[in-house]
Amino acid sequence: MTQVSAQRATVHEHPASGGSRIRQRQRQRLIDACISALHIYGPSRTTVEKVVALADLSPGIVRFYFDSKAAMLVASLEHLAAEFGERVLVPVGRLKDDPVQALQLLVSLYLDAEIASPRKVSVWYAFWGEASARQEYQDICGKKDEEFAALVRELMERMIAVSGARHLDADAVALGLIGVLEVLWQGIAFQSEANIDRAAAVGRSLRYLRSVFPGQFGEAAATAGATATAAVAAGARAERLPPRAYRHEALLAAEREQLLRPAWQVLGHEAELRAAGDFVSGEAAGERVLVVRAERGRLHAFRNACRRRPHTLVSARCGHLKSAIHCAAHALTYTFDGRLVAGSTPGDLTPLELRQAGRLLLVRAAGTAPAPMDTDETSWAPFAGLTPLGVTEREVAADWKLLVEQWLETPLPQQKFVAPTQLL
């Protein structure tokens, strides 16, 4: 078991800890913020201070990833170019043998919100506006446009061969489609997402293709293209959560209330509570929890807070209480089963639900709607005989999702590997 507190700490990375993954995420967080700053302010008025403010990071951290503001801008442009290649050029290139399907997918992906959002499109144009003054911008933008034009030209050549329309000039037809898409991108750059009709934009592009290749790119093509786009986008999104999910307060609150609070949370192991007065404490979905073994071996779970004013009663992660639970601040005493000694005000400790799965202690807030859970006790049987080798406490200044993800991805140091029957 591990207790995590997001107060303050210094984390020493193990060589195989995957620290590079954390650095990559922080670098990407700066790039995402830089793209947002570019959308709002443009390249010339974007500053390091504005970027770190949007990223909610300290200004000094930028130096760990970029030598200068210019390097950060170039990295942001390179990210957009790489994303365009990965999400448009690559999937369309795989369908070159079927040029009709490839062109339908190209139109849909080019106008999809993941690529053609007002934020990203405006950044592309902002860089193009300054490309004449910066060779790096010109090189990156120019390469992206050349690769896209070459792909469209090749698809038109294949389309002409399939349709038998030998009178058509592949380069001219390709230039026409690129122009249509470019005009639509310009419209997107100056609109809000709510006002963009992407289906209509895809339809206009396909009508251009249908006018050049009669009988192809019919009305069903828009639906087919949208379905293919959704499948490609879903595959890309399934690989990772969007960056905003890691710092969205409302989403975190919804997860806590609807996912974590109704679920049983592992707080400790029965072996940690051997005698009357032994306790373990921790946090479960934002709830401070205290589990105490009382007389006759019974276990009780409470909210780890004084009833008069909600401050923590027991701050240690585990230990032993001599005779009762004391609140020194208000001179209150509670028995191990949570009853207030002497008087009825402010009342007994607030009980929480407690259950055991094998020898694991699970808690959750009392009165919450039950969450789906495997109630087959045999699934917990492998845990029944396990005893913890020890408890490690770490205080880490990190988003809890990043911490858990890092914990799951990190291999244990070689010297800590033990037989599975000995591990909790």
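**Figure 1. Buried residues of helix H8 in the predicted model.** Helix H8 buries Arg198, Ala201, Val202, Gly203, Ser205, Leu206, Leu209 and Val212. The helix covers residues 198-212, which is 15 residues. At 1.5 Å a residue, a span of 21 Å is expected. The end C-alpha atoms lie 22 Å apart, in agreement with that value. Asp197 is placed at the start of H8. One of its side-chain oxygens comes within 3.4 Å of the backbone nitrogen of Ala199.

**Figure 2. The ring pair Phe84 and Phe148.** The structure has 5 aromatic pairs. In the pair of Phe84 and Phe148, the ring centres are 5.7 Å apart and the planes meet at 75 degrees. Planes over 60 degrees apart count as edge-to-face, so this pair is edge-to-face. The two rings join distant parts of the chain, 64 residues apart. Phe84 belongs to helix H3 (residues 69-93), Phe148 to helix H6 (residues 135-163). Phe84 is buried, with 2% relative accessibility. Phe148 is buried too, with 4%. Ring pairs also tie Phe84 and Phe148 into a cluster with Tyr110 and Trp185.

**Figure 3. The ring pair Phe213 and Phe217.** Here the geometry is tilted. The centres are 6.5 Å apart, with 55 degrees between the planes. Phe213 is buried at a relative accessible area of 2%. For Phe217 the value is 2%, and this residue is buried as well.

**Figure 4. Charged side chains over tryptophan rings.** Lys144 lies over the face of Trp124, at 4.7 Å from the ring centre. At Trp264, the charged end of Arg355 sits over the ring. Its distance from the ring centre is 5.8 Å.

**Figure 5. Cysteines without a disulfide.** A search of the whole structure returns 0 disulfides. The sulfur of Cys306 has its closest cysteine sulfur in Cys327, at 3.6 Å. A disulfide needs the sulfur atoms within 2.5 Å, so this separation is too far for a bond. Cys306 is buried, with 4% relative accessibility. Cys34 is also buried, at 0%.

**Figure 6. The salt bridge of Arg158 and Glu154 in helix H6.** The count for the structure is 14 salt bridges. Arg158 and Glu154 form one of them, with an N to O distance of 3.3 Å. The two residues are 4 apart in H6, so about one helical turn separates them. In an α-helix there are 3.6 residues a turn, so residues three or four places apart point the same way. Arg158 is partly exposed, at 30% relative accessible area. Glu154 is partly exposed at 24%. Both residues belong to a salt-bridge network with Lys96 and Asp97.

**Figure 7. Glu270 between two arginines, Arg293 and Arg359.** Glu270 makes a salt bridge with Arg293, at 3.8 Å from N to O. That pair links distant parts of the chain, 23 residues apart. Arg293 is in strand E4 (residues 287-293). Glu270 sits in the loop between strand E2 (265-269) and strand E3 (278-284). Arg293 is buried at 9% relative accessibility, whereas Glu270 is partly exposed at 24%. Glu270 also forms a salt bridge with Arg359, where the closest N and O atoms are 3.5 Å apart. This second pair links distant parts of the chain, 89 residues apart. Arg359 is in the loop between strand E9 (353-357) and strand E10 (360-364). At 24% relative accessibility, Arg359 is partly exposed.

Methods: Residues numbered from 1 in each chain as written. Predicted model: local features only at pLDDT ≥ 70, side-chain atom pairs only at ≥ 80, totals over all residues. Heavy atoms only, no water. Expected span 1.5 Å × (residues − 1). Buried < 20%, exposed > 50% of the residue type's maximum accessible area, 1.4 Å probe, protein only. Polar contact = N/O pair within 3.5 Å; in protein donor to acceptor, adjacent residues only side chain to side chain. Phe/Tyr/Trp six-rings, centres within 6.5 Å; stacked < 30°, edge-to-face > 60°. Lys NZ or Arg CZ within 6 Å of the ring centre and 35° of its normal. Salt bridge = Lys/Arg side-chain N within 4 Å of Asp/Glu carboxyl O.
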